[in-house]
Amino acid sequence: MTTAQGFAVFETAIGHCGIAWGEHGVVSVRLPDRSAAITRGRLRSKFPEAGELEPPRAIRQGIEDIVALLRGEPRSLADIELDLDGVPEFHRRVYDIARTIPPGRTVTYGEIANRLDMPGSAQAVGRAMGSNPFPIVVPCHRVLGAGGKLTGFSAPGGVETKRRMLLIEGVPTVEPTLF
């Protein structure tokens, strides 16, 4: 298990998010739970060795970029360094591709599978996204099911959080429709 040196909880347009970091970068990002206290408690539970600390400069910049992105400013989070220790190689490859999806754009699990030169592995891509420890930095919310369907989102709020994040980024096709 990856260890963290510290964590921080910060306010965004969708609620209080959390971030934990270690010696080699970000080890976890939490999308908001029902309250900042729940987010804080989950980070403390997952990383009992870490304290709630003032983030180092690089992490502070990452937080600022996440906050800006979630208020609708197109920001790249590609410069946020991730600690991938313990992340399976297949997941790393999936996350690398996902990090190239710009704000306001989406791809399908199948498209990522094709980019991996592994057609037919869309479900494996979905499993990798479902265990993503870095949501928003690895923008799993920008990955959709076949035909652009909003499917599977393991963050608090599920698919509704995914829809909200995509709407903030200006993706027009995620509004619920009657047909």
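User: How many strands form the sheet, and in what order do they stand?

Analyst: Strands of a sheet pair through backbone hydrogen bonds, either parallel or antiparallel. In this predicted model, four strands make an open sheet, ordered 3-2-1-4, with mixed pairing. Strand 3 (25-30) and strand 4 (51-52) each have a single partner strand and stand at the edges, so one side of each lacks a neighbour in the sheet.

User: Happy to follow that. In which sense do strand 2 and strand 3 pair?

Analyst: Antiparallel: five bridges join strand 2 (residues 15-22) to strand 3. One bridge to look for links Ala20 with Ser28 in strand 3. The two strands form a hairpin, with two residues between them.

User: Which elements does each helix touch on the sheet?

Analyst: Let's take them in turn. Helix 1 (residues 36-46) packs on the sheet and touches strand 1 (6-12), strand 2, strand 3 and strand 4; its direction makes about 160° with that of strand 1. Helix 2 (residues 57-69) also packs on the sheet, touching strand 1, strand 2 and strand 3, and its direction makes about 25° with that of strand 1.

User: Back to strand 3: how many of its residues are buried?

Analyst: Take buried as under 20% relative accessible area. Five of the six residues of strand 3 are buried, so the strand is largely enclosed by the rest of the structure.

Terms used. Residues are numbered from 1 along each chain as its sequence is written. This is a predicted model: local features need pLDDT of at least 70, side-chain atom pairs count only at pLDDT 80 or more; totals for chains, interfaces and linings use all residues. Side-chain values use heavy atoms; hydrogens and water are left out. Two strands pair if DSSP finds at least two bridges between them. Contact means heavy atoms within 4.5 Å. Axes are lines fitted to C-alpha atoms, for helices over the stretch in contact, and angles run from 0 to 180 degrees between N-to-C directions. Buried means under 20% relative accessible area, exposed over 50%, partly exposed in between (1.4 Å probe, protein chains only).
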